[in-house]
Amino acid sequence: MGESAVMSPLPVARAEIVVDLAAVRHNVRRLREHTGVASMTVVKADGYGHGLVEVARAAREAGSAWIGVATLDEARALRAAGDDGPLLAWLTVPGEDYAGAIEAGIDLTAYSVAELEEIAAGARGAGRPARLQLEVDTGMSRGGAPMSAWADVVAAARAGEESGSWRVTGIWSHFACSDEPDHPANDAQEAAFEAALATATAAGLHPEVRHLANSAAAILRPSSRYDLTRIGLASYGLDPAPGHTPDLGLVPAMTARATLAMSKQITAGAGVSYGHTWVADTDTTVGLVPVGYGDGVPRAASNSAEVLAAGERRAIRGRVCMDQLVVELDGDLPEPGADVVLFGPGTRGEPTAQDWAEASGTISYEIVTRIGGRMTRRYVDSGDDA
Ligand SMILES: *Cc1c(COP(=O)(O)O)cnc(C)c1O
């Protein structure tokens with residue numbers, strides 16, 4: 001290691017995402033204790049903005065048996081980074097490199113007989129059997145085999161197992177309304193899943209894992225846990241069903257912060273930012289925060305979200321711009337360079353990603369997944385998850 005690298009102070013980050021990997025480990029363990037079954041930590045979309053490889057590694061350290069991703073690119077990136085545990089991908093299109101995915105030991109998900117034929121060709125190319133999971137559409141009408149085609153998909157899957165194309169390792173489905181625990185779709189989907197499992201058993205399939213629950217269902221619906229839960233959002237310490245979730249002591253892992261670029265006085269009647277959608281009604285002070293929608297700060301947070309700056313909650317005034325936003329400092333004039341926390345765990349008075357979601361008319365999933373852009377990402381390990 002070069003001495004200069006050790007001696008020189010870290011440059012100040014204009015704007016950065018700080019991820020506490022101890023929080024991820026804590027959440028993964030806490031959720032497994034709560035559910036009592038094995039977990040698949042879902043790290044699609046760059047680990048919901050927290051970092052694909054780093055979060056997967058932390059989740060494995062905390063005992064997550066499986067990792068789940070949407071795309072084969074994501075799965076391959078994990079393999080390239082050295083992850084060699086059970087890994088499921090569930091979103092592919094015709095013409096994907098199935099042979100390469102099979103060689104990499106990635107569990108593939110099929111929805112249709114046509115997809116099974118492509119995967120069989122991939123297994124021939126790879127010279128080894130695939131690991132294959134089947135998704136059944138129990139009522140979300142998104143991915144998965146429709147119930148009307150399920151018997152055919154299962155029969156073809158069983159035939160491929162007998163001919164050595166693959167082993168069927170899992171059967172699964174996905175809830176549409178698990179964040180609304182009283183929604184009747186939940187019972188209906190679970191009943192449909194039971195029927196789909198019975199069809200598969202009757203056809204001779206005996207998968208290692210049956211799984212249905214995402215974060216909200218894993219926490220709120222014990223009957224949906226089966227052998228494995230697929231937990232994304234809650235692993236990052238965020239609440240998948242605000243208003244319904246019991247306090248499990250989960251810790252938000254992401255802090256989004258920036259460095260104050262300037263502070264200054266403005267006079268009563270001054271309009272702030274594009275379109276002058278906010279006008280000061282008294283003399284006041286404002287601060288320039290060097291992040292905007294080009295960094296994934298929602299423009300919908302204009303005139304609504306808050307930050308923690310110079311120790312206090314401060315309101316965003318006027319429109320969020322591409323690179324910058326303005327907050328009111330209520331007469332204070334903190335020095336440029338002061339710390340501005342957009343959101344974090346909420347333990348030091350800062351807003352949370354959930355607060356930002358409510359201020360922006362969205363869900364915390366979208367806040368953490370979209371924040372980033374030109375911000376740097378830094379990992380810390382508070383180490384207090386033991
Ligand atoms: C994203 C996703 C999950 C994780 O959902 P959370 O609500 O974040 O826990 C689980 N399963 C599938 C199929 C998904 O697409």
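These questions and replies cover the ligand, the pocket and the cavity in a predicted model.

Me: What makes Y48 a polar contact of the ligand?
Reply: A polar contact needs a pair of N or O atoms within 3.5 Å. An N or O atom in the side chain of Y48 is 2.6 Å from an oxygen atom of the ligand. That value is within the cut-off, so the pair counts.

Me: How do you know that S215 makes a polar contact with the ligand?
Reply: The cut-off is 3.5 Å. The side chain of S215 has an N or O atom 2.5 Å from an oxygen atom of the ligand. So this pair counts too.

Me: Why does W90 count as a polar contact of the ligand?
Reply: A polar side-chain atom of W90 lies 3.5 Å from an oxygen atom of the ligand. The limit is within 3.5 Å, so the pair is accepted. As for cover, the protein hides 95% of the 390 Å² of accessible area that the ligand has on its own.

Me: What makes a residue part of the shell around the ligand, and which come nearest?
Reply: One heavy atom of the residue must lie within 4 Å of the ligand. There are 14 such residues, and K44, Y48, S215, L233 and Y365 come nearest. By class, seven are nonpolar, four polar and three charged. Two elements, α3 (44-48) and β10 (228-231), each supply at least two residues of this shell.

Me: How do you know where the ligand sits?
Reply: A molecule sits in a pocket if more than half of its atoms lie within 2 Å of the grid points. The ligand takes up the space of the largest pocket. That pocket holds about 720 Å³ of space. Its lining has 37 residues, and K44, R142, H174, N214 and Y365 are the closest to its centre.

Me: Which element gives the largest share of the pocket lining?
Reply: β6 does, with three residues of the lining of the largest pocket. By class, this lining divides into 19 nonpolar, eleven polar and seven charged residues.

Me: Why is the other space called a cavity?
Reply: In a cavity a 1.4 Å probe fits but cannot get out. The structure holds one cavity of 30 Å³ or more. The largest cavity has a volume of about 30 Å³.

Me: What lines the largest cavity?
Reply: G296, P298, L342, F343, W356, I367 and I371 do. Gly counts as polar, so G296 is the one polar residue beside six nonpolar ones. No charged residue is in this lining.

Key:
Residues are numbered from 1 along each chain as its sequence is written. This is a predicted model: local features need pLDDT of at least 70, side-chain atom pairs count only at pLDDT 80 or more; totals for chains, interfaces and linings use all residues. Side-chain values use heavy atoms; hydrogens and water are left out. A polar contact is a pair of N or O atoms within 3.5 Å; within protein, one must be able to donate a hydrogen and the other to accept it, and residues adjacent in sequence count only if both atoms are side-chain atoms. Accessible areas come from the Shrake-Rupley method with a 1.4 Å probe; for residues, only the protein chains shown count as cover. On a 1 Å grid over the protein atoms alone, a cavity is a set of points where a 1.4 Å probe fits but cannot get out, and a pocket is an open set with protein on both sides within 12 Å along at least five of seven lines; lining residues have an atom within 4 Å of a point. Helices (H or I, at least four residues) and strands (E, at least two) are DSSP runs, numbered from the N terminus. Grid points are joined across faces, edges and corners, and a volume is the space filled by probe spheres set on the points.
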